[in-house]
Amino acid sequence: MSDTNRQSYSQREKEKTFEKEFLPHIDSMYNFAYRLTFDEDDAKDLVQDTYLKAFRFIESFEKGTNAKAWLFRILKNSFINDFRKKSKQPAKVDYQEVETFYNSEDVDKSITTDLRIETVQDMIGDEISNALNSLDVDFRTVIILCDLEGFKYDEMAKILDIPIGTVRSRLHRARNLLKERLNDYAQKMGYKN
C-alpha cells in the first residue's frame with residue numbers, strides 16, 4: 001500500500017475502529033486459526049498476534065473496506081510465516097523431561113494398550129473434520145474461507161494474494177479431494193453419488 005492510501009488515525013479513532021471493525025470477528029478468526037493449527041493454544045496465539053499486528057498497522061486499513069477480509073489476510077500471512085520459520089528449525093527435545101522420565105519409577109513399567117479404547121476413539125472422530133484436516137493447507141484454507149466463512153471469490157483472492165482464477169481452480173480441486181475422501185462415509189450414511 002502506498003503512503004497516499006494510508007489512513008491517519010488519532011489514538012481515540014484507532015481504539016474506536018479496533019473495537020467496532022475488528023473485535024466482532026474474533027470468533028471467526030479463532031475458528032480459522034484453529035483449523036489451520038489444530039491446537040487451541042497455537043490458535044489463540046495466532047489470533048492474538050493478528051490483533052496486535054492489526055492495531056499496530058491500523059493506518060494500512062482503509063475505512064469502509066472489508067475488515068474481516070483484512071484480518072483474515074493478516075492471520076493467514078502470520079500462519080505461513082510461522083510455519084516456514086518452524087519448518088526450518090531442527091526438532092527440539094527437552095532433555096530435562098527425558099532425564100526426569102528415566103529417573104522416575106515409570107521407566108520399568110510396561111505400557112499395555114487397551115484395544116477397546118482405541119476402537120472407540122476411532123469411532124468418535126468426526127469424519128468430515130478429519131477429511132478436511134487431511135487436505136493440504138492450501139486446499140483446506142480455500143474450503144474454510146469459502147464454505148465455512150462465506151467469503152466471495154474476490155475477497156478470497158485478496159486474502160490469499162492469488163488471482164481469482166487460481167481461487168476457483170484450487171477450490172474446485174479441494175472440493176473434489178474432499179468428495180473422494182468422504183465417499184465411503186457418504187455411502188455408509190446412505191448417500192448416493
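**Aromatic pairs and helix packing in an all-helix chain**

Tyr51 counts as buried, with a relative accessibility of 7%. The structure described here is a predicted model, and Tyr51 offers a convenient way into it. The chain has 11 helices and zero strands, so that reading along the sequence gives the pattern α-α-α-α-α-α-α-α-α-α-α. Of its 193 residues, 29% count as buried. Among the contacts with a separation of 6 or more, 69% are accounted for by residues 24 or more positions apart.

How many aromatic pairs does the chain hold? The count comes to nine aromatic pairs. One of them brings together Phe18 and Tyr51, whose rings are edge-to-face, with 5.7 Å from centre to centre and 80° between the planes. This pair links distant parts of the chain, since Phe18 belongs to helix H1 (residues 11–22) and Tyr51 to helix H3 (residues 40–56), 33 residues apart. Phe18 is buried because its relative accessible area, 17%, falls under the 20% cut-off. Tyr51, at 7%, falls under that cut-off too and is likewise buried.

A second pair, Phe22 with Phe61, is also edge-to-face, with 5.2 Å between the ring centres and 75° between the planes. Phe22 lies in helix H1, while Phe61 sits in the loop between H3 and H4, so this pair ties together parts that are 39 residues apart in sequence. Are these two residues buried or exposed? Phe22 counts as buried at 0% relative accessibility, and Phe61 is buried with a relative accessible area of 1%. Ring pairs join Phe18, Phe22, Tyr51, Phe55, Phe61 and Trp70 into a cluster.

The surroundings of Phe18 and Lys14 add some detail to this picture. Phe18 lies in helix H1, and the separation between its C-alpha atom and that of Tyr51 is 8.9 Å. Leaving aside neighbours within four places in sequence, Phe18 is in contact with Leu23, Tyr51, Phe55 and Ile58. Lys14 lies in helix H1 as well. Although Lys14 is a charged residue, it counts as buried at 16% relative accessibility. Not counting residues up to four places away in sequence, Lys14 touches Tyr9, Phe55, Ile58 and Glu59. Phe55 and Ile58 therefore appear in the contact lists of both Phe18 and Lys14.

Which residues carry the contact between helices H2 and H4? The axes of H2 (residues 26–37) and H4 (residues 67–88) come within 11 Å and cross at roughly 25°. Because this angle is under 35 degrees, H2 is roughly parallel to H4. The crossing of H2 past H4 is right-handed. On the H2 side, the contact is made by Ser28, Met29, Phe32, Ala33, Leu36 and Thr37, and on the H4 side by Lys68, Leu71, Phe72, Leu75, Lys76 and Phe79. Sorted by class, these residues of the contact divide into eight nonpolar, two polar and two charged.

Helix H2 also packs against helix H8 (residues 137–148), at an angle of about 155° and with the axes 10 Å apart. With this angle over 145 degrees, H2 is therefore roughly antiparallel to H8. The crossing of H2 and H8 is right-handed. Here Phe32, Arg35 and Leu36 of H2 meet Val137, Arg140, Thr141, Ile144, Leu145 and Leu148 of H8. By class, the H2 and H8 contact has six nonpolar, one polar and two charged residues. Phe32 and Leu36 thus take part in the contact of H2 with H4 and in that of H2 with H8. As a general point, an α-helix has 3.6 residues a turn, so residues three or four places apart point the same way.

Further along the chain, helix H9 (residues 153–160) has a buried set made up of Glu155, Met156, Ala157, Ile159 and Leu160. Where do these buried residues pack? They pack against H4, H8 and helix H10 (164–181). Just after H9, Asp161 takes a positive phi of about 60°.

Notes:
Residues are numbered from 1 along each chain as its sequence is written. This is a predicted model: local features need pLDDT of at least 70, side-chain atom pairs count only at pLDDT 80 or more; totals for chains, interfaces and linings use all residues. Side-chain values use heavy atoms; hydrogens and water are left out. Axes are lines fitted to C-alpha atoms, for helices over the stretch in contact, and angles run from 0 to 180 degrees between N-to-C directions. Helices (H or I, at least four residues) and strands (E, at least two) are DSSP runs, numbered from the N terminus. Angles under 35 degrees count as roughly parallel, over 145 as roughly antiparallel, 65 to 115 as roughly perpendicular and the rest as oblique. A crossing is left-handed if the near helix is turned anticlockwise from the far one by less than a right angle, and right-handed if clockwise. Contact means heavy atoms within 4.5 Å. Rings of Phe, Tyr and Trp (its six-membered ring) pair if their centres lie within 6.5 Å; planes under 30 degrees apart count as stacked, over 60 as edge-to-face and the rest as tilted. Buried means under 20% relative accessible area, exposed over 50%, partly exposed in between (1.4 Å probe, protein chains only).
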